[in-house]
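The following exercises are to be worked with the sequence and the model side by side. Each task is followed by a stepwise solution.

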Amino acid sequence: MTKRIMSLALALIMIMACACGAFAETVEIPVCEYTSEMNTYTYWEPEWPIVKEGEKLTVTVASAVRSDSYQVPEKTWFWVWSELATGIDFDVRQITYEAREEQKNLMFASDNLPDVLLAMSLSTGDIMRYGVAEGQLLDLAPYITEETMPYLYQWFEKYPVMKATATTPDGAIYSLPFTNLNSDYIGSQETNSYNQDWLREVYPELPAQHTTREEFYAWSEAAGKVLPKTVDEFVELLRAFKKNHPESTPLAGVAEENNPLSYILNAYGFLTESDNDYGAQVAIKNGEVVLPALHEDFFPFLQTVKTLYDEGLIANDFFTADKLLVDSQIMDNKSGVIAAGSIYGRLPLPEDYHKWDALWPLTSEYSDTMQVKESSRYNVGGACLSAKLEGQDEKIKAILNYLDFFYSELGVYYLWCGPINGSPDTLGMVRGFFYDLEKGAKVFPDVISGEYENSIKFVCGIGFGNSSAFGNRSHSITDEKYSTMMILLQHLQGVPDEDINFVALAYDHGDNYGRMCSEVRVLPSVVEGYPKIVYYSEDDQETIDEVVLMLEPYIESEVAKFITGATELTEENFKKFVDGAEAYGASDLVEIYQAAWDAYKAAL
């Protein structure tokens with residue numbers, strides 16, 4: 001932060017000195033040496049506080065938070081810091097993720113919006129309805145200027161596609177975008193992982209457990225020559241796992257979480273999102289738009305998944321068990337593969353998560369190309385302003401000037417992880433975090449001390465809680481040699497360029513290890529698919545909403561019946577299933593999606 005903000009922070013430290021007593025444990029806590037050179041390199045210093053002494057500005061906010069990390073705003077570092085740094089009085093109403101959809105609909109239906117909506121997850125349909133059609137959202141485009149939002153302005157100038165994704169067909173911008181352009185961002189389906197110990201029982205020729213970064217890459221090269229590349233080979237491996245471990249569930253996952261169906265669906269040539277588990281959502285197959293569940297190749301897909309179910313290769317209560325079952329399967333070493341899941345999140349110790357390695361994408365006789373859909377590097381719907389602010393330009397500019405900070409190099413960290421350890425901006429409330437050059441990873445002293453269970457609980461408990469809602473999680477906008485968040489963080493800490501670890505993927509750090517796995521096995525197969533951000537016309541969106549409301553539950557229910565045997569999986573019954581979907585308007589849906597896909601391709 002600027003020196004002006006730091007001085008304000010120091011004042012609060014005096015007030016909150018009693019909090020420091022809680023930091024006096026006997027455990028040795030690492031500390032980052034905060035230097036005066038930190039953060040002075042940025043091309044713009046905000047003229048903060050925004051609201052000058054003696055003035056008052058109250059901004060009402062609705063912000064979504066994780067229920068398991070909830071704290072009242074008055075005790076949450078992020079909001080305390082925000083008020084102190086800007087001089088704005090934030091009147092924050094926090095809404096849990098579980099209640100977010102209902103509360104969002106109620107606020108719009110009652111025309112009772114706060115000034116700002118944060119992390120309320122507005123879809124492009126919501127933006128078109130509440131922004132374009134109903135005029136309840138404020139058009140932010142006139143305010144994204146070099147004077148009011150200099151950081152976002154520069155991102156838009158340098159990356160026009162970022163601006164395009166946030167702009168509706170009427171030329172307005174109703175939502176500040178999120179972007180992740182990190183060079184180490186895999187941007188693909190979530191990593192799927194093998195149990196190495198079980199693999200070596202089936203493939204004795206595999207090298208021993210890797211224990212270093214170099215051994216990891218050597219192991220990957222050897223494994224790539226023997227591990228399954230097709231669905232049929234994958235099923236045979238699961239059968240071998242079951243034979244060696246009769247009481248196991250070889251493929252961990254349940255319908256609620258870590259559902260492996262999308263991973264297998266992808267192998268049948270349906271290029272789609274990682275959460276399209278039942279084939280009910282749009283996909284691209286052979287260059288055309290399809291709903292996978294209604295395509296002829298979905299029938300053999302169902303046959304494969306039914307085989308997994310019938311042979312006990314997936315859980316017998318797959319459709320009814322909760323995610324705790326997946327955790328127990330992993331923790332008790334009763335699974336050989338976990339699909340679309342975070343191993344290091346479940347097994348935080350390196351000696352445990354190093355036993356797992358990412359899966360390659362699979363192929364089948366219906367698709368001979370190893371491919372996965374790249375996730376969008378942009379998102380919208382996480383930061384919107386109410387149109388009731390129209391005519392209050394000074395208030396609008398104050399709010400947007402504040403939000404613009406989170407498109408800066410330092411601001412993304414304040415939004416994502418909180419303050420840097422040793423900075424006055426910790427306010428005596430937290431220790432913060434820093435990049436440890438020796439370990440090659442971020443360190444959270446508040447987690448080491450035991451005050452927070454893990455880094456996720458820490459950042460969600462002290463911070464904004466959803467760093468993918470808006471803002472930038474990318475490289476430096478002013479100097480792209482700081483090309484990843486980890487490299488940028490070292491620069492922010494004042495580490496000289498000659499001492500920066502520009503590799504920045506640490507073998508013994510869970511998140512980095514997951515990225516290494518994806519980088520080797522998944523990244524080469526990432527291709528572009530149906531865009532995540534599409535603004536449909538009012539009529540098309542109305543059709544989509546009406547059809548999806550009935551179609552998706554129908555597909556999910558019937559697919560579950562086919563797999564469990566409640567409905568016999570025959571070609572005749574499958575045709576009846578497709579006809580039933582058509583009765584709900586599936587063809588109308590595909591027609592709309594195809595037109596949007598054609599327009600998207602034509603614009604490239």
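**Exercise 1. Burial along a helix**

Which residues in H11 are buried?

Solution. The model is predicted, so local features require a pLDDT of at least 70 and side-chain atom pairs count only at pLDDT 80 or more, whereas totals for chains, interfaces and linings use all residues. Residues are numbered from 1 along each chain as its sequence is written, and side-chain values use heavy atoms, with hydrogens and water left out.

Step 1. Locate the element: helix H11 covers residues 298-310. Helices (H or I, at least four residues) and strands (E, at least two) are DSSP runs, numbered from the N terminus.

Step 2. Apply the burial criterion: buried means under 20% relative accessible area, exposed over 50%, and partly exposed in between (1.4 Å probe, protein chains only). The buried residues in H11 are Phe298, Phe299, Pro300, Phe301, Leu302, Thr304, Val305, Lys306, Leu308 and Tyr309. Ten of the 13 residues are thus buried, and H11 is mostly covered.

Step 3. Identify the cover. It includes helices H9 (231-244), H10 (261-267), H21 (538-564) and H22 (571-583), together with strand S6 (251-252).

Step 4. Check the geometry. From first to last C-alpha, H11 reaches 18 Å, close to the 18 Å expected; the expected span is 1.5 Å times one less than the number of residues. Just after H11, glycine 312 adopts a positive phi of about 70°.

**Exercise 2. A lysine and an aspartate**

Determine whether lysine 306 and aspartate 368 are buried or exposed, and describe their surroundings.

Solution. Step 1. Lysine 306 belongs to helix H11. Its relative accessibility is 19%, so lysine 306 counts as buried.

Step 2. List its contacts (heavy atoms within 4.5 Å). Leaving aside residues up to four places away in sequence, lysine 306 touches Phe562, Ile563, Thr564, Gly565 and Leu569.

Step 3. Aspartate 368 lies in the loop between strand S10 (356-358) and strand S11 (372-373). With a relative accessible area of 71%, aspartate 368 is exposed. Its C-alpha is 10.0 Å from that of lysine 229, although 139 residues separate the two in sequence.

**Exercise 3. Two open sheets**

In what order do the strands of each four-stranded sheet stand?

Solution. Step 1. Establish pairing: two strands pair if DSSP finds at least two bridges between them. One open sheet has the order S2-S1-S3-S13, with mixed pairing. Strand S2 (89-96) and S13 stand at the edges with a single partner each, so one side of each lacks a neighbour in the sheet. From one strand to the next, the twist averages 20°.

Step 2. Examine S1 (residues 58-65). S1 pairs in the parallel sense with S3 (residues 116-118) over three bridges, serine 63 having leucine 118 as its bridge partner in S3. With S2, S1 pairs in the parallel sense over eight bridges, and alanine 64 stands opposite isoleucine 95 in S2. Six of the eight residues of S1 are buried.

Step 3. Add the helices. H2 (residues 77-86) lies across S1, S2 and S3 at about 160° to S2; H3 (residues 97-109) also lies across S1, S2 and S3, at about 120° to S2. Axes are lines fitted to C-alpha atoms, for helices over the stretch in contact, and angles run from 0 to 180 degrees between N-to-C directions.

Step 4. Turn to the other sheet: an open arrangement in the order S6-S9-S5-S10, with mixed pairing. Strand S5 (residues 193-195) and S10 pair in the antiparallel sense over three bridges, and serine 193 has alanine 358 as its bridge partner in S10.

**Exercise 4. Confidence**

Where is confidence lowest and where is it highest?

Solution. Step 1. pLDDT is the predictor's confidence in each residue, from 0 to 100. The protein averages 86, and 90% of the residues score at least 70.

Step 2. The lowest mean, 40, falls in helix H1 (residues 3-15), and the highest, 98, in strand S13 (residues 383-385). Over residues 1-27 pLDDT stays under 50, and over residues 34-44 it is below 50.

Step 3. Where pLDDT is low, the predicted coordinates should not be read in detail.
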